Amino acid sequence: MPVLLTIVNDKTDQAHIEQLEKIYTDAQAERLAQLPNVNSAKSFVDTILQSPEQSFYCGLFNDRLIAAAVITQQSNAWQISHLCVRSVTRRRGVGSRLLTLVIEAAKANNMTTQVATSALMTQDHIILQRMGYTLSEAGDHYLLDIR
């Protein structure tokens with residue numbers, strides 16, 4: 001499945017906003033429980049779009065968003081969180097492909113990527129370890145230094 005990377009950080013892009021809301025509405029119950037102080041996918045998407053240091057990095061297939069992750073840009077690293085794939089495209093490598101595209105974009109910007117362990121589900125740990133992420137000494141995040 002050829003997935004392309006697109007960045008959504010514009011509150012006026014209504015088509016992509018609706019697709020993001022579908023992605024997060026489609027999330028497993030365990031993932032939705034981890035969303036920060038929001039009561040719906042719509043409020044979660046709105047909250048991220050209002051933050052100047054956060055953007056959605058999305059997987060695009062056939063002009064549709066099928067996966068998304070929130071990227072928080074810090075001084076020397078991109079913090080990846082809230083990775084979610086539409087249920088109709090799960091188990092096809094879309095999440096791994098999106099992470100690979102984010103890693104390539106980070107490398108192009110001379111940044112490292114990291115993922116906090118506090119909000120990860122079991123399958124997330126497995127994917128990250130397979131992709132070469134290592135657990136920090138404190139055990140609070142995974143780090144991939146690709147610079």
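**Helices, strands and cores of the predicted model**

Helix α4 has 15 residues and reaches 21 Å from its first C-alpha to its last, which is close to the 21 Å expected at 1.5 Å a residue. The model described here is predicted, and the values below were computed from it. The buried residues of α4 are Val94, Gly95, Leu98, Leu99, Leu101, Val102, Ile103, Ala105 and Ala106. The helix is followed by Asn110, a residue whose phi is positive, near 55°.

The protein chain as a whole contains 5 helices and 7 strands, and these elements, when read along the sequence, follow the pattern β-α-α-α-β-β-β-α-β-α-β-β. Of the 147 residues of the chain, 45% count as buried. Among the contacts between residues at least 6 apart in sequence, 60% join residues that are at least 24 apart.

Strand β4 pairs with two other strands, β3 and β5. On the one hand, β3 and β4 run antiparallel and are joined by 6 bridges, and a hairpin leads from β3 to β4 through 3 residues. Within this pairing, Ile80 in β4 is the bridge partner of Ile71. On the other hand, β4 and strand β5, which spans residues 112-116, run parallel and are joined by 4 bridges; here Ala77 stands opposite Thr112 in β5. Strand β4 is also mostly covered, since 7 of its 9 residues are buried.

The interior can be described through its nonpolar cores. The largest nonpolar core has 23 residues, and those with the most contacts inside it are Trp78, Ile80, Val102 and Tyr133. The elements that give two or more residues to this core are β3 (64-73), β4 (77-85) and α4 (94-108), and the largest share, 8 residues, comes from α4. Val102 illustrates how such a residue is surrounded: when its neighbours within four places in sequence are left aside, Val102 is in contact with Leu5, Tyr57, Ile71, Trp78 and Ile80. Apart from the largest core lies another core, of 18 residues, among them Leu20, Tyr24, Phe44 and Leu60.

Two residues of this other core, Tyr24 and Phe44, also take part in ring pairing. In general, a pair of aromatic rings is described by the distance of the centres and the angle of the planes. A search of the whole structure finds 4 aromatic pairs. In one of them, the rings of Tyr24 and Phe44 have their centres 4.9 Å apart and their planes at 65°, so this pair is edge-to-face, the angle being over the 60 degrees that this description requires. The pair links distant parts of the chain, with Tyr24 in helix α1 (residues 14-25) and Phe44 in helix α3, 20 residues apart. Tyr24 counts as buried because its relative accessibility is 2%, and Phe44 likewise counts as buried because its relative accessibility is 1%; the cut-off for a buried residue is under 20%.

A second partner of Phe44 is Phe56. The rings of Phe44 and Phe56 have their centres 6.1 Å apart and their planes at 80°, so this pair is edge-to-face as well. Here too, distant parts of the chain are linked, with Phe44 in helix α3 and Phe56 in strand β2 (residues 54-61), 12 residues apart. Phe56 has a relative accessibility of 0% and therefore counts as buried. Taken together, Tyr24, Phe44 and Phe56 form one aromatic cluster.

Helix α3, which contributes Phe44 to the pair with Tyr24, also carries a charged pair. The structure holds 1 salt bridge, in which Asp46 is joined with Lys42, the closest N and O atoms being 3.5 Å apart. Both residues lie in helix α3 (residues 41-50) and are 4 residues apart, about one turn of the helix. Asp46 has a relative accessibility of 28% and so counts as partly exposed, and Lys42, at 47% relative accessibility, also counts as partly exposed. Helix α3 therefore includes both a buried ring, that of Phe44 at 1% relative accessibility, and the partly exposed residues Asp46 and Lys42.

Methods
Residues numbered from 1 in each chain as written. Predicted model: local features only at pLDDT ≥ 70, side-chain atom pairs only at ≥ 80, totals over all residues. Heavy atoms only, no water. Salt bridge = Lys/Arg side-chain N within 4 Å of Asp/Glu carboxyl O. Buried < 20%, exposed > 50% of the residue type's maximum accessible area, 1.4 Å probe, protein only. Phe/Tyr/Trp six-rings, centres within 6.5 Å; stacked < 30°, edge-to-face > 60°. Core = buried A, V, L, I, M, F, W, Y, C linked by side-chain atoms within 4.5 Å. Contact = heavy atoms within 4.5 Å. Pairing = 2+ DSSP bridges. Expected span 1.5 Å × (residues − 1).
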